[in-house]
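Student: I have a new structure to look at and I'm not sure how to read it. Could you walk me through a few features?

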Amino acid sequence: KIGLLKQTFDPVTIQDIEFSISQIKKKSLDEVWFIVLDDHNKVKVSQRQNMILIALENINNIKLSNLSLVKETKNEYVLLDNDESFKINKEIHQGFFKYIDNKVKNHILQNQFYLEEVAFNNLSSYRYKHSVSVASVCVSLAKIHKIDANKAYIAGLLHDICKDKPYEYTMDVMNKHFANLLNEVNKIISDSFEPVKI
C-alpha cells in the first residue's frame with residue numbers, strides 16, 4: 001500500500017517528510033513515493049529530485065519515484081494531499097529557509113537556487129538591480145583573488161536583503177542572529193541610505 005505525494009517539491013521541506021511519516025501511520029501505508037511535478041519552475045525537475053534524494057538519505061519508507069513506475073507496478077495506491085506544501089514553498093521563496101533540512105539548504109546555497117528570487121521578492125526594483133550588479137562584481141573580484149566565487153556571489157546578492165524592511169524588523173533580525181554586530185555604525189544595519197550605483 002503506497003501513498004503517492006505528487007507536488008512540485010520546490011524545494012522539498014521538512015514538513016513534506018513529517019507529513020509523509022504521519023500519513024504512513026494514519027493510513028497504514030508501507031511507503032510514500034514522492035513524485036515531482038513540472039510546473040515550469042525555475043529549478044529543474046532533475047535538480048528538485050536531487051534535493052529529495054539528499055533529504056531522504058537516511059529515511060527508508062519514503063522514496064523518490066515517477067509516474068511511469070506507478071503505471072508499471074501493481075500496488076494499492078493512495079493519493080495524498082499536503083495542503084501546507086504550497087504555502088511553505090511560497091515562504092521559502094521569500095527567504096524563510098527554516099523549513100529546509102540543513103543538507104538540502106547547503107545544496108541550495110552551493111547551486112545558488114532560489115537566491116535571486118529571494119532577493120527579487122524582498123527588494124525594490126532599484127535595489128534588486130543594484131544587488132545583482134554587486135554580486136557580479138564580487139564574483140569577478142573573488143576570481144582575481146582566488147577565493148570562493150560562490151560565497152562572494154551570495155554575499156554580493158544578499159548584502160542589502162533587509163534594506164527595504166522596516167527598521168524594527170531589521171533590529172529584530174540583528175538581535176536574534178547578529179547581536180555581536182549591534183555596535184556597528186547604524187547606517188550599515190539600517191534602511192536609511194540608498195545604495196551606490198555601479
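Tutor: Happy to. Let's begin with burial: a residue is buried under 20% relative accessible area, exposed over 50%, and partly exposed in between (1.4 Å probe, protein chains only). Take Y128, which is buried because its relative accessible area is 16%. Before we go on, keep in mind that this is a predicted model, where local features need pLDDT of at least 70 and side-chain atom pairs count only at pLDDT 80 or more, while totals for chains, interfaces and linings use all residues. Residues are numbered from 1 along each chain as its sequence is written, and side-chain values use heavy atoms, with hydrogens and water left out.

Student: Okay, what does Y128 pair with?

Tutor: Here's the general idea first. A pair of aromatic rings is described by the distance of the centres and the angle of the planes. The rule takes rings of Phe, Tyr and Trp (its six-membered ring) whose centres lie within 6.5 Å; planes under 30 degrees apart count as stacked, over 60 as edge-to-face and the rest as tilted. The structure holds four aromatic pairs. One of them is F9 with F34: the centres are 4.6 Å apart and the planes are at 25°, so this pair is stacked. F9 sits in the loop between β1 and α1 while F34 is in strand β2, so the pair ties together parts 25 residues apart in sequence. F9 is buried at a relative accessible area of 0%, and F34 counts as buried at 0% too. Now for your question: the rings of F120 and Y128 have centres 5.3 Å apart and planes at 85°, so that pair is edge-to-face. F120 counts as exposed, at 54% relative accessibility.

Student: You said "helix" and "strand" names like α1 and β2. Where do those come from?

Tutor: They are DSSP runs, numbered from the N terminus: helices are H or I with at least four residues, strands are E with at least two. A nice one to look at is α4, residues 85-94.

Student: Which residues of α4 are buried?

Tutor: S85, I88, N89, I92 and H93. They lie on the same side of α4, because they cover an arc of only 145° around the axis. That arc is taken from the directions from the helix axis to the C-beta atoms. On the other side of α4, F86 and K90 are exposed. Right after the helix comes G95, whose phi is positive, near 115°.

Student: What do the buried residues of α4 pack against?

Tutor: They pack against β1 (2-7), α1 (14-26) and α6 (115-122). For contacts, look for heavy atoms within 4.5 Å.

Student: Can we try that on single residues?

Tutor: Sure. S20 is in helix α1 and counts as buried at 0% relative accessibility. Leaving out residues up to four places away in sequence, S20 touches L5, V32, F34 and I62. Then there's M51 in helix α2 (residues 45-55), which is buried with a relative accessible area of 0%. With the same sort of neighbours left out, up to four places away in sequence, M51 touches P11, V12, V43, V104, H107, I108, F113 and Y114.

Student: And how do I read charged pairs?

Tutor: Side chains of opposite charge can pair when their charged atoms come close. A salt bridge here is a side-chain nitrogen of Lys or Arg within 4 Å of a carboxyl oxygen of Asp or Glu. By this rule the count comes to six salt bridges. In one of these, R48 meets D38 at 4.0 Å, N to O. That pair links distant parts of the chain, 10 residues apart: R48 is in helix α2, and D38 is in the loop between β2 (31-36) and α2. R48 is buried at 0%, whereas D38 is exposed at 54%.

Student: Which residues are joined into one network by salt bridges that share partners?

Tutor: R127, D160 and D164. R127 meets D160 at 3.5 Å, N to O, and D164 meets R127 at 3.1 Å, N to O. D164 lies in the loop between α8 and α9 and R127 in helix α7, so their pair ties together parts 37 residues apart in sequence. R127 counts as buried at 3% relative accessibility, D160 is buried at 4%, and D164 counts as partly exposed at 34%.
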